[in-house]
Amino acid sequence: MDTSARIPSPSVRQLRLVVTAEDYEAALAFYRDTLGMPEQESYSGSDGALVTILDAGRATLELSNPAQVRMIDRIEADGKPGLTLRVALEVDDARKATAAAVDGGAQVVAEARETPWRSLNSRLNAPAGLQLTLFEELD
């Protein structure tokens, strides 16, 4: 299918996921220090306003229909349903990253396991109310 006629102008240049963190310092420590996302920028404003932009590498937007989400939940988390928004982060070593995430305050939903699409995926509930999939590409 030729989609060139449907590409909007200007096209999207960056995906930025904006998360409200009630415990800002704990969330910053988890994502920056535990998961190793380098700090790109940070700003402060009036009334204690704080924001830090972390580099998460390449961003993609994965849209899934409910049947696909149920299949992923079965494979990745023993059928435990995910949240409407789940952030998937590619890491070099899913088992080590999962252990570090737990040490940093995340709670395991499902331990790392190999998926049919040849990745090693774990599922976690992380600071700032995010559900994470940490995945390691095996091929």
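**Surface, fold and selected local environments of the predicted model**

The accessible surface of the protein amounts to about 9,600 Å², and 51% of this area belongs to carbon and sulfur atoms; accessible areas were obtained by the Shrake-Rupley method with a 1.4 Å probe, and for residues only the protein chains shown count as cover. The structure is a predicted model, in which local features need pLDDT of at least 70 and side-chain atom pairs count only at pLDDT 80 or more, whereas totals for chains, interfaces and linings use all residues. Residues are numbered from 1 along each chain as its sequence is written, and side-chain values use heavy atoms, with hydrogens and water left out.

The secondary structure comprises three helices and six strands, arranged along the sequence in the pattern α-β-β-α-β-α-β-β-β; helices (H or I, at least four residues) and strands (E, at least two) are DSSP runs numbered from the N terminus. The C-alpha atoms fill a box of roughly 45 × 45 × 25 Å along the principal axes. Of the 139 residues in the protein, 28% are buried, where buried means under 20% relative accessible area, exposed means over 50%, and partly exposed lies in between (1.4 Å probe, protein chains only). Among contacts (heavy atoms within 4.5 Å) between residues at least 6 apart in sequence, 51% join residues at least 24 apart.

On the surface, Leu-15, Leu-61 and Leu-63 make a nonpolar patch of about 370 Å². Patches are made of residues with over 30% relative accessible area and no salt bridge, like charges being joined within 9 Å and nonpolar side chains (Val, Leu, Ile, Met, Phe, Trp, Tyr) within 5 Å; a salt bridge is a side-chain nitrogen of Lys or Arg within 4 Å of a carboxyl oxygen of Asp or Glu. Leu-61 is placed in the loop between strand E2 (50-54) and helix H2 (66-77), and counts as exposed because its relative accessibility is 66%.

A different environment is found for Thr-98, which belongs to helix H3 (residues 94-103) and counts as buried because its relative accessibility is 3%. When neighbours within four places in sequence are left aside, Thr-98 is in contact with Val-108, Glu-111, Ser-122, Leu-124 and Leu-134. A polar atom of the Thr-98 side chain lies 2.6 Å from the backbone oxygen of Ala-94. Between Thr-98 and Arg-113, 15 residues apart in sequence, the C-alpha to C-alpha distance is 11 Å.

Key. Polar contact = N/O pair within 3.5 Å; in protein donor to acceptor, adjacent residues only side chain to side chain.
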